[in-house]
Amino acid sequence: MVKKKSPETKKKLGRPTKYNEDIQKKADQFVSSLEATDELPHIYDLAEHLEVDSDTIGNWGEVHPKFFGTIKKLKKLQERRLMNKGLDNTWNPPMAMFLLKCNHGFVDKVVNVNIETPESKVENLLNKLGE
């Protein structure tokens, strides 16, 4: 029978995380700098700026609440910019809507309206009488 090691004696596997307060500051500054530009912000840009993989950005967001807030701020900036630039035709509106649907949970709302005209009312009544 194999005896389990306690968490204190268990060896940590894998590479140590690069995440620290300097990374957090660098990420916050990057997102703040995007607010002054016209660019469409991406998680990939943040990953490139921090010199890590985009999957690492997601992993850090799951583990570090402050970093999650930074990611959320970047996504909100992306959403707002897509809406504004798509509405004023600065960017391709169908592409902006596509990205909003894919990345921000937007959906098309379908409204069914049944409008009866006087002619259709008479036709419906005649059809019912003929049955």
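Three aromatic pairs turn up in this structure, which is a predicted model. Take Tyr19 and Phe67 to start with: their ring centres sit 5.8 Å apart with the planes at 85°, so this pair is edge-to-face. The pair ties together distant parts of the chain, since Tyr19 lies in the segment before helix H1 (21-35) and Phe67 lies in helix H4, 48 residues apart. Both Tyr19 and Phe67 are buried.

Phe67 has another ring partner in Trp60. Here the centres are 5.5 Å apart and the planes again stand at 85°, so Trp60 and Phe67 are edge-to-face too. Trp60 is buried, as is Phe67. Put the ring pairs together and you get a cluster of Tyr19, Trp60 and Phe67. Here are those two pairs side by side.

| Ring pair | Distance of centres | Angle of planes |
|---|---|---|
| Tyr19 and Phe67 | 5.8 Å | 85° |
| Trp60 and Phe67 | 5.5 Å | 85° |

What else does Trp60 touch, leaving aside its neighbours within four places in sequence? Trp60 is in contact with Thr17, Lys18, Tyr19, Ile23, Leu50, Val52 and Phe67.

Now for the core. The largest nonpolar core has 16 residues, and the ones touching the most other members are Leu46, Leu50, Val52, Ile57, Trp60 and Phe67. H1, helix H2 (43-50), helix H3 (54-63) and H4 each give two or more residues to this core. The biggest giver is H1, with five residues.

There's a polar residue worth a look in this neighbourhood as well. Gln24 belongs to helix H1, and it counts as buried because its relative accessibility is 1%. So where does the side chain of Gln24 reach? It gets to the backbone nitrogen of Phe67, at 3.2 Å. Apart from neighbours within four places in sequence, Gln24 is in contact with Tyr19, Lys66, Phe67 and Thr70. Tyr19 and Phe67, both on that list, are also members of the ring cluster.

On to H4, the helix that carries Phe67. Its 23 residues should span 33 Å at 1.5 Å a residue, and the end C-alpha atoms are indeed 33 Å apart, so the two figures agree. H4 has a long list of buried residues: Phe67, Thr70, Ile71, Leu74, Leu77, Gln78, Glu79, Arg81, Leu82, Lys85 and Gly86. Note that the list includes Glu79, Arg81 and Lys85. Which helices do the buried residues of H4 pack against? They pack against H1, H2, H3 and H5. Just past the end of H4, Asn89 takes a positive phi of about 65°.

Last up is H5, which covers residues 93-104. It has 12 residues and reaches 15 Å from first C-alpha to last, close to the 16 Å expected at 1.5 Å a residue. Its buried residues include Ala96, Leu100 and His104. These three cover an arc of only 40° around the axis, which means they sit on the same side of H5. The general rule behind this is that an α-helix has 3.6 residues a turn, so residues three or four places apart point the same way. The buried residues of H5 pack against helix H4 (65-87). After H5 comes Gly105, with a positive phi near 75°.

Definitions and conventions:
Residues are numbered from 1 along each chain as its sequence is written. This is a predicted model: local features need pLDDT of at least 70, side-chain atom pairs count only at pLDDT 80 or more; totals for chains, interfaces and linings use all residues. Side-chain values use heavy atoms; hydrogens and water are left out. Helices (H or I, at least four residues) and strands (E, at least two) are DSSP runs, numbered from the N terminus. The expected span of a helix is 1.5 Å times one less than its number of residues. Buried means under 20% relative accessible area, exposed over 50%, partly exposed in between (1.4 Å probe, protein chains only). The arc is that of the directions from the helix axis to the C-beta atoms. Contact means heavy atoms within 4.5 Å. Rings of Phe, Tyr and Trp (its six-membered ring) pair if their centres lie within 6.5 Å; planes under 30 degrees apart count as stacked, over 60 as edge-to-face and the rest as tilted. A nonpolar core is a set of buried Ala, Val, Leu, Ile, Met, Phe, Trp, Tyr and Cys residues joined through side-chain atoms within 4.5 Å. A polar contact is a pair of N or O atoms within 3.5 Å; within protein, one must be able to donate a hydrogen and the other to accept it, and residues adjacent in sequence count only if both atoms are side-chain atoms.
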